[in-house]
Every structure is written in C-alpha cells, then in structure tokens.
Amino acid sequence: MQRSAQDTTRLLHLVEEAARIRMVWEEVVTTHCCRPSEEVEAAYAEAAARWDVHVDERTATRSSIYISGCYWE
C-alpha cells in the first residue's frame, strides 16, 4: 500500500510532535525529580512552552504528580 504525500506529511508531523512531548517530559524529569508538585508543574509548563507543545491542565497536573513522586523510575 502506498501512502499519499499528504498522509506522509501528517504522519511526520505526528512523529515530530510526539518527539517534542517526550523532550518536555525528559527535561522536567531530569531537572525536577522528587521536587514539590507545584514546582514540577510550573517547570512542565515552561518546558512545554519552550518546545512549542500544547499541554492541557490535567496532563500537566498528572505529570507533575508522577515526576514529583519519582513514580517514573
């Protein structure tokens, strides 16, 4: 099955966004592990803005809980 150029472009954009989301996670995990969740949440929002990733409030809150509690290890 051959993909159209438009499908390939959409797929590449999706992969690029996934990589940026992962970079946000990695950045915050390496710099804010086991810190208070409010501090982690603020760092998560800053990193998301730097990487041009839209993160909703629920995702930022849940991620900050995991990172501040070191549950990701």
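Hi everyone. Let me start with a term: a residue counts as exposed when its relative accessible area is over 50%, as buried when that value is under 20%, and as partly exposed in between. By that rule Arg-50, at 54% relative accessibility, is exposed. Please keep in mind that this is a predicted model.

Let's go inside to begin with. Which residues make up the largest nonpolar core? There are eleven of them: Val-24, Val-28, Val-29, Val-40, Ala-43, Tyr-44, Ala-47, Ala-48, Val-53, Ala-60 and Ile-67. Three helices give two or more residues each to this core, namely α1 (5–32), α2 (37–50) and α3 (57–68). Helix α2 has the largest share, with five residues. As general background, nonpolar side chains in soluble globular proteins tend to be buried together.

Now to the outside, where we find some nonpolar residues too. Leu-11, Leu-14 and Val-15 make a nonpolar surface patch of about 270 Å². Take Leu-14, which lies in helix α1. Is Leu-14 buried or exposed? Its relative accessible area is 56%, so Leu-14 is exposed, given that the cut-off is over 50%.

Next, the charged side chains. How many salt bridges does the structure hold? The count is five, and I'd like to walk you through some of them. In general, side chains of opposite charge can pair when their charged atoms come close.

Let's look at Arg-22 and Glu-26, whose side chains meet in a salt bridge with an N to O distance of 2.7 Å. Both sit in helix α1, and because they are four residues apart, about one helical turn separates them. Glu-26 is partly exposed, with a relative accessibility of 29%.

Right beside Glu-26 in the numbering comes Glu-27, and here we return to Arg-50 from my opening: these two form a salt bridge, with their closest N and O atoms 2.2 Å apart. This pair links distant parts of the chain, since Glu-27 belongs to helix α1 and Arg-50 to helix α2, 23 residues apart. How accessible are the two partners? Glu-27 is partly exposed at 23%, while Arg-50 is exposed at 54%.

One more pair to show you: the side chains of Arg-35 and Glu-39 form a salt bridge, 3.0 Å from N to O. Arg-35 is partly exposed at 36% relative accessibility, and Glu-39 is partly exposed as well, at 35%.

To recap, we have seen a core of eleven nonpolar residues, a nonpolar patch on the surface, and examples from the five salt bridges. Thanks for listening!

Technical notes: Residues are numbered from 1 along each chain as its sequence is written. This is a predicted model: local features need pLDDT of at least 70, side-chain atom pairs count only at pLDDT 80 or more; totals for chains, interfaces and linings use all residues. Side-chain values use heavy atoms; hydrogens and water are left out. A nonpolar core is a set of buried Ala, Val, Leu, Ile, Met, Phe, Trp, Tyr and Cys residues joined through side-chain atoms within 4.5 Å. Buried means under 20% relative accessible area, exposed over 50%, partly exposed in between (1.4 Å probe, protein chains only). Patches are made of residues with over 30% relative accessible area and no salt bridge: like charges are joined within 9 Å, nonpolar side chains (Val, Leu, Ile, Met, Phe, Trp, Tyr) within 5 Å. Accessible areas come from the Shrake-Rupley method with a 1.4 Å probe; for residues, only the protein chains shown count as cover. A salt bridge is a side-chain nitrogen of Lys or Arg within 4 Å of a carboxyl oxygen of Asp or Glu.
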